[in-house]
Every structure is written in C-alpha cells, then in structure tokens.
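Let's walk through this model together, starting with its charged pairs and ending with how its parts pack. Have the coordinates open as you read.

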Amino acid sequence: ARYTAYSTMASNNDPIDVVQKFIAKNSDALNQIGFGGVMGYCSGLAFRKASRAVAGIIGVGFIGLQTAKSMGYIDVDWNKIRDDAIKPLDANKDGKLDAEDAKVHWQTYQEAMKDSVPGAGGFSAGFLLGARRG
C-alpha cells in the first residue's frame with residue numbers, strides 16, 4: 001500500500017514529526033536567523049570545503065617536495081618557504097601568524113560579506129555553524 005504524506009505524519013517515530021517538533025520548539029531562534037544567518041551558513045560551508053581542498057593541495061605539495069629532497073633530487077629551503085608563506089597572511093606585520101592576524105582577517109572578511117546584505121546580523125553565527133558542521 002502506498003502512504004501519503006498525511007498518513008506518515010501521524011506516526012510518532014516519523015522524521016517529519018521530529019522536524020515539526022524541532023521547528024515549533026525553536027521558532028524564536030529560527031525567526032532571528034534570517035537571511036544573513038543563512039548566507040553565513042552557506043559561506044561557512046563553502047569555506048570549510050574550500051579549506052579542505054587547499055589543505056589537500058598543500059599537503060600533496062609538501063609530500064612531493066620532501067620526498068624529492070630526501071631522495072637527493074632537490075634542495076629545499078623550508079625557512080625561506082615559511083617566511084614567504086607568512087608574509088601575505090601577516091596582517092600586523094610582526095613576522096608571525098597569531099590570533100591578532102586571525103582577528104584582522106576575520107574582521108575584513110566579515111565586513112566584506114555583510115556589506116549591503118539585508119539582515120546580516122546573524123552572519124557570524126551562521127558562518128561558524130556552517131564551518132563547524134558543514
């Protein structure tokens with residue numbers, strides 16, 4: 001027998017019923033999320049996915065360079081690579097990457113992403129949720 005959406009909603013163990021309960025219980029929070037929160041979530045999710053891809057590329061590059069170095073094919077100056085990699089990310093120009101640099105980059109990113117976006121107040125929370133759970 002085929003079941004309709006109406007007949008499946010009657011079951012207490014049905015996922016649809018669980019979702020409806022969640023929505024009813026959290027309606028105040030869901031109303032405050034708004035467009036900015038949804039855009040933040042999507043941005044956080046994209047950030048997480050892109051970060052994984054970039055980390056994979058960097059990791060493969062490191063493995064390749066280090067393998068070639070250990071086999072004697074090339075010489076690698078890791079100190080120069082480190083210094084050159086830090087320069088564009090060192091926002092306060094103190095020669096190291098730290099929490100202060102992360103704050104500057106986050107503020108710059110957040111300002112750019114919230115510029116002229118209606119209901120952008122929930123962007124940060126949405127971004128964090130997307131980046132952590134996405």
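A search of the whole structure turns up four salt bridges, where a salt bridge means a side-chain nitrogen of Lys or Arg within 4 Å of a carboxyl oxygen of Asp or Glu. Before going through them, some housekeeping: this is a predicted model, in which local features need pLDDT of at least 70 and side-chain atom pairs count only at pLDDT 80 or more, while totals for chains, interfaces and linings use all residues. Residues are numbered from 1 along each chain as its sequence is written, and side-chain values use heavy atoms, with hydrogens and water left out.

Start with Asp-84 and Lys-80, whose side chains meet in a salt bridge at 2.9 Å, N to O. These two sit four residues apart in helix α4 (residues 78-86), so about one helical turn separates them. Helices here are DSSP runs of H or I with at least four residues, strands are runs of E with at least two, and both are numbered from the N terminus. How exposed is Asp-84? Its relative accessible area is 36%, which makes Asp-84 partly exposed; Lys-80, at 49%, is partly exposed as well. For the cut-offs, buried means under 20% relative accessible area, exposed means over 50%, and partly exposed is in between (1.4 Å probe, protein chains only).

Next come Asp-83 and Arg-82, with their side chains in a salt bridge at 3.2 Å, N to O. Asp-83 counts as partly exposed at 37% relative accessibility, and so does Arg-82 at 43%.

Then look at Glu-100 and Lys-103, where the N to O distance of the salt bridge is 3.4 Å. This pair is three residues apart in helix α5, so the separation is again about one helical turn. Glu-100 has 41% relative accessibility and counts as partly exposed, as does Lys-103 with 48%. Salt bridges that share partners also tie Lys-80, Asp-84 and Lys-87 into one network.

Now zoom out to the fold. How many helices and strands does the protein chain have? The tally is six helices and zero strands, giving the pattern α-α-α-α-α-α along the sequence. Of the 134 residues in the protein chain, 14% are buried. Take the contacts (heavy atoms within 4.5 Å) between residues at least 6 apart in sequence: 47% of these join residues at least 24 apart.

For one spot where distant parts of the sequence meet, find Gly-36 in helix α3 (residues 27-70). The C-alpha atoms of Gly-36 and Ala-120 are separated by 3.9 Å, with their positions 84 residues apart along the chain. Gly-36 is buried, at a relative accessible area of 1%.

Last stop: helix packing. Two packed helices are described by the angle between their axes and the distance between the axes. Helix α5 (residues 99-114) and helix α6 (residues 123-133) pack at about 110°, their axes 11 Å apart. That makes α5 roughly perpendicular to α6, a label that covers 65 to 115 degrees, with under 35 being roughly parallel, over 145 roughly antiparallel and the rest oblique. On the α5 side, Trp-106, Tyr-109, Gln-110, Met-113 and Lys-114 make the contact, and Phe-123, Ser-124 and Phe-127 do so from α6. Those residues divide into five nonpolar, two polar and one charged, with Ala, Val, Leu, Ile, Met, Phe, Trp, Tyr, Cys and Pro counted as nonpolar, Asp, Glu, Lys and Arg as charged, and the others, Gly among them, as polar.

Terms used: Axes fitted to C-alpha atoms, helices over the stretch in contact; angles between N-to-C directions.
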